[in-house]
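Thanks for making the time this morning. I would like to walk you through the ligand site first and then turn to two backbone details.

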Amino acid sequence: MPALKHWLYMKEVLIVAEWTALKNIDPHCFACGQGNAHGLHMRFFSDGERVRSRLIIPGHLRGWHTLVHGGVLATILDEAMSWAAIHLTGRFILTQEMTVRFKKPVRIEEEVRVESCVAERISPRKALLKAEIRNSSGDICAESSGVFALFTAEAFTRMNLVPENMLDAMNQSMWRSA
Ligand SMILES: CCCCCCCC/C=C\CCCCCCCC(=O)SCCNC(=O)CCNC(=O)[C@H](O)C(C)(C)COP(=O)(O)OP(=O)(O)OC[C@H]1O[C@@H](n2cnc3c(N)ncnc32)[C@H](O)[C@@H]1OP(=O)(O)O
């Protein structure tokens, strides 16, 4: 897949940052699983400092009338922070806590973009992540911050949350691009 290009100007030197598609090995996740019939089918890209995705939120995920349900926006933010935590720290993760600020309504069937980054590596086992959702006009509609627990493969294995074969597949491929 051709990489998207993001142009950054720093100290008058033009740097081209490649946005690389990130590999997903779990087809069932509600947010990113490509095989989940009821899911959001999010795909992620990273330039090495940020992670981003864009999607159109389907009509069955509405709250009031044509507005996207706030819990769905929280899921999108959680997922974006999770992928940033995984791919930018190189660890397995669990969301430990998150805060969401809903700033503007988002409409169903409208394209939104979400972008996330690591704000602070609090300790070897914790990171603070941030994410924001923008509508098609570029307005920030929702933003979040969250504390993520970071696990080595060995520590994540001890948590016994993911079957061993899946853990192996993740371990072999999670930090490679698609
Ligand atoms: C995920 C990997 C994916 C790989 C990806 C491949 C490609 C991508 C594909 C697909 C991506 C999908 C991405 C989806 C992501 C979605 C995110 C979610 O929805 S996560 C679900 C919601 N969150 C929870 O369910 C957390 C529930 N909470 C907890 O489990 C605990 O609160 C926890 C672990 C976060 C903190 O535990 P405490 O509050 O008890 O903290 P303390 O007292 O420090 O720890 C107690 C003991 O727990 C272990 N422990 C805790 N944190 C640890 C850490 N960071 N490392 C190692 N061990 C740890 C240690 O044994 C520790 O004992 P000692 O302190 O060592 O004596």
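Before I come to the contacts, let me fix the term: by a polar contact I mean a pair of N or O atoms within 3.5 Å. Please keep in mind throughout that what you see is a predicted model.

With that cut-off, an oxygen atom of the ligand, at 3.4 Å from an N or O atom in the side chain of Arg125, makes a polar contact. On the backbone side, a nitrogen atom of the ligand lies 3.0 Å from a polar backbone atom of Thr95, and a backbone N or O atom of Leu150 is found 2.7 Å from a nitrogen atom of the ligand. Of the 1300 Å² of accessible area that the ligand has on its own, the protein covers 58%. The elements contributing two or more residues to the shell are α1 (70-89), β5 (92-102), β8 (140-151) and α2 (153-159).

Taken as a whole, the ligand is surrounded by 21 residues, with Ser82, Thr95, Leu150, Phe151 and Met170 as the closest; by class, 13 of the shell residues are nonpolar, 4 are polar and 4 are charged.

Now to the backbone. Most residues other than glycine have a negative phi. Glu109, however, in the loop between β5 and β6 (111-123), has a positive phi near 65°, and this residue is exposed, with a relative accessible area of 52%. Asn160, which sits in the loop between α2 and α3 (164-173), likewise has a positive phi, of about 60°, and counts as exposed at 65% relative accessibility.

Terms used. Residues numbered from 1 in each chain as written. Predicted model: local features only at pLDDT ≥ 70, side-chain atom pairs only at ≥ 80, totals over all residues. Heavy atoms only, no water. Near = heavy atom within 4 Å. Polar contact = N/O pair within 3.5 Å; in protein donor to acceptor, adjacent residues only side chain to side chain. Areas by Shrake-Rupley, 256 points an atom, 1.4 Å probe, with all protein chains shown as cover. Helix = DSSP H or I, 4+ residues; strand = E, 2+ residues; numbered from the N terminus. Nonpolar A, V, L, I, M, F, W, Y, C, P; charged D, E, K, R; others polar. Buried < 20%, exposed > 50% of the residue type's maximum accessible area, 1.4 Å probe, protein only.
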